[in-house]
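Visitor: I have a model open and some questions about it. Shall we go through them in turn?

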Amino acid sequence: STHMSNSDATEDAAAARRHLEEARAEQEKLVEHASALQARREKIERLLSVAAEDESEARARLDAAVKWRETLAEMAIKAETAAREISEEVALYSRSVRDLAAASAAAEAAAEAAARRLLDEEEGRLQEEEEALEAVSHAEGALERADGAGGEAGSGGESDAEESETEVEVEVEPPLGGAGKEGGSE
């Protein structure tokens, strides 16, 4: 029976060793599996961090795009304001040009009117002078006639000439009337 128990014990020990080896093999497999899982985890973490970087870059690009759009909107507003100011200035300039043209035309018309008045006045004066000259020449003619008549009459002719000269002076004052009378006497 002792022999039997010895062989049983050897078998038990062998079985225990097998179990232990299987357990070790299983443990190694588990360790390998765990390290493979760890490697996959690290790879996923790397991918996640790259994705996070990409996301932050994309966010930065989006922020930049939003800022750029805002800048463009501001520039558009400024351009619109500038265009409005320019068109207002152009309108003001056009109005000034129109006003200037109107003022220039008015000044020209006034100058023409003044020139016409001066011309009319000058013509009037010339006409008066011509009439006065005509009256003077008529008076001279009358004086000569009076002198002639006075010479025939004798010494009394001198005073007659003076009287007729006085009459002629009175005639010279209204030029038209004097010219008419003289014309009648010719």
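Visitor: What pLDDT does the protein chain average?

Guide: This is a predicted model: local features need pLDDT of at least 70, side-chain atom pairs count only at pLDDT 80 or more, and totals for chains, interfaces and linings use all residues. Residues are numbered from 1 along each chain as its sequence is written, and side-chain values use heavy atoms, with hydrogens and water left out. pLDDT is the predictor's confidence in each residue, from 0 to 100. In the protein chain, 78% of the residues score at least 70, and the average is 84.

Visitor: Over which residues is the pLDDT below 50?

Guide: Where pLDDT is low, the predicted coordinates should not be read in detail. The stretch in question has seven contacts beyond near neighbours in sequence, a contact being heavy atoms within 4.5 Å. The pLDDT is below 50 over residues 178-186.

Visitor: How many helices are in the protein chain?

Guide: Helices (H or I, at least four residues) and strands (E, at least two) are DSSP runs, numbered from the N terminus. The elements run α-α-α from the N terminus on. Strands number zero; helices number three.

Visitor: What share of the 186 residues is buried?

Guide: Buried means under 20% relative accessible area, exposed over 50%, and partly exposed in between (1.4 Å probe, protein chains only). By that cut-off, the buried share of the protein chain is 7%.

Visitor: Which residue forms a salt bridge with arginine 59?

Guide: A salt bridge needs a side-chain nitrogen of Lys or Arg within 4 Å of a carboxyl oxygen of Asp or Glu. The partners sit four residues apart in helix α1, so about one helical turn separates them. Arginine 59 is exposed at 51% relative accessible area. Its closest N and O atoms are 2.6 Å apart, and the partner is glutamate 55.

Visitor: How far apart are the closest N and O atoms of glutamate 122 and arginine 125?

Guide: These two are three residues apart in helix α1, so they too are separated by about one helical turn. Glutamate 122 is partly exposed at 36%, and arginine 125 is partly exposed at 41%. They form a salt bridge, with the closest N and O atoms apart by 2.7 Å.

Visitor: Which residues make the nonpolar surface patch of about 320 Å²?

Guide: Patches take residues with over 30% relative accessible area and no salt bridge, joining like charges within 9 Å and nonpolar side chains (Val, Leu, Ile, Met, Phe, Trp, Tyr) within 5 Å. Leucine 72, in helix α1 (residues 2-153), is partly exposed at 39% relative accessibility. The patch is made by Trp68, Leu72 and Met75.

Definitions and conventions. Accessible areas come from the Shrake-Rupley method with a 1.4 Å probe; for residues, only the protein chains shown count as cover.
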